[in-house]
Amino acid sequence: MILCCICDKNIYKKPWLSVLNNTNTETSHVCSYICSNKIDTVVGKRYMDRIVNKEDFENIILPTSKYQISKESQIQSTEYEMIQRDIDYEEQLMFEMDLYEDSFSECSDEEKQQ
Ligand SMILES: [Zn+2]
């Protein structure tokens, strides 16, 4: 059984995020976006290069898709820009991961129905 390294909850499905720790020997998993915000307390800062399930986030890490996400959120662009001004790069990436997670879960629901 995989446990969330932040809240110790059982992760029954796929971990939301899996990151190698500082020594690259163990992998830490988190259950949700909320817990992923605190994963740096376990694996250390600047863990982007150590994300194990990188393919899940590839689209938003690539600059082109980053632009597409910004375009999609044009309706809330004022809010988005305000947020963008106040957060650093890593927090911005987490914010975009959150957006990505939303669109991803919609897609998988549609697939189930078909
Ligand atoms: Zn958790």
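**Exercise 1: a strand pair**

In which sense do strand β3 and strand β4 pair, and over how many bridges?

*Solution.* Start with the residue ranges: β3 covers residues 17–20 and β4 covers residues 27–30. Now look at how they run: the two strands pair in the antiparallel sense, over four bridges. Keep in mind that you're looking at a predicted model. For one of the partners, pick Val19, whose bridge partner in β4 is Ser28. Finally, check what joins the strands: β3 and β4 form a hairpin, with six residues between them.

**Exercise 2: a residue in the turn**

Find Asn24 and decide: is Asn24 buried or exposed?

*Solution.* First, place the residue: Asn24 sits in the loop between β3 and β4. Its phi is positive, about 60 degrees. Next, count neighbours. Asn24 has 8 C-beta neighbours inside 10 Å, so it counts as exposed, because the cut-off for "exposed" is 12 or fewer. Last, look across to Arg50: Asn24 and Arg50 are 26 residues apart in sequence, and their C-alpha atoms are 8.0 Å apart in space.

**Exercise 3: the loop after β4**

Where does Ser32 lie, and what does its neighbour count make it?

*Solution.* Follow the chain out of β4: Ser32 is in the loop between β4 and α1 (33–36). Then count: there are 17 C-beta neighbours inside 10 Å, so Ser32 is partly exposed. Now compare sequence with space: Ile6 is 26 residues away along the chain, with 9.7 Å between the two C-alpha atoms.

**Exercise 4: the core**

Which residues make up the largest nonpolar core?

*Solution.* Go through the chain in order and you'll collect ten residues: Cys4, Cys5, Trp16, Leu17, Val19, Val30, Cys31, Cys35, Ile39 and Val43. Now zoom in on Cys31. Leaving aside neighbours within four places in sequence, Cys31 is in contact with Cys4, Cys7, Lys9, Ile11, Pro15 and Trp16. For the whole protein chain, buried residues make up 15% of the 114 residues.

**Exercise 5: how far to trust it**

What is the average pLDDT of the protein chain, and what share of residues scores at least 70?

*Solution.* The average is 72, and 54% of the residues score at least 70. Next, hunt for weak spots. Over residues 61–69 the pLDDT is below 50, and this stretch has seven contacts in the model beyond near neighbours in sequence. Residues 71–76 are also below 50, with two such contacts. Where pLDDT is low, don't read the predicted coordinates in detail.

Methods. Residues numbered from 1 in each chain as written. Predicted model: local features only at pLDDT ≥ 70, side-chain atom pairs only at ≥ 80, totals over all residues. Buried ≥ 20, exposed ≤ 12 C-beta atoms within 10 Å, placed from the backbone. pLDDT = per-residue confidence, 0-100. Core = buried A, V, L, I, M, F, W, Y, C linked by C-beta atoms within 7 Å. Pairing = 2+ DSSP bridges.
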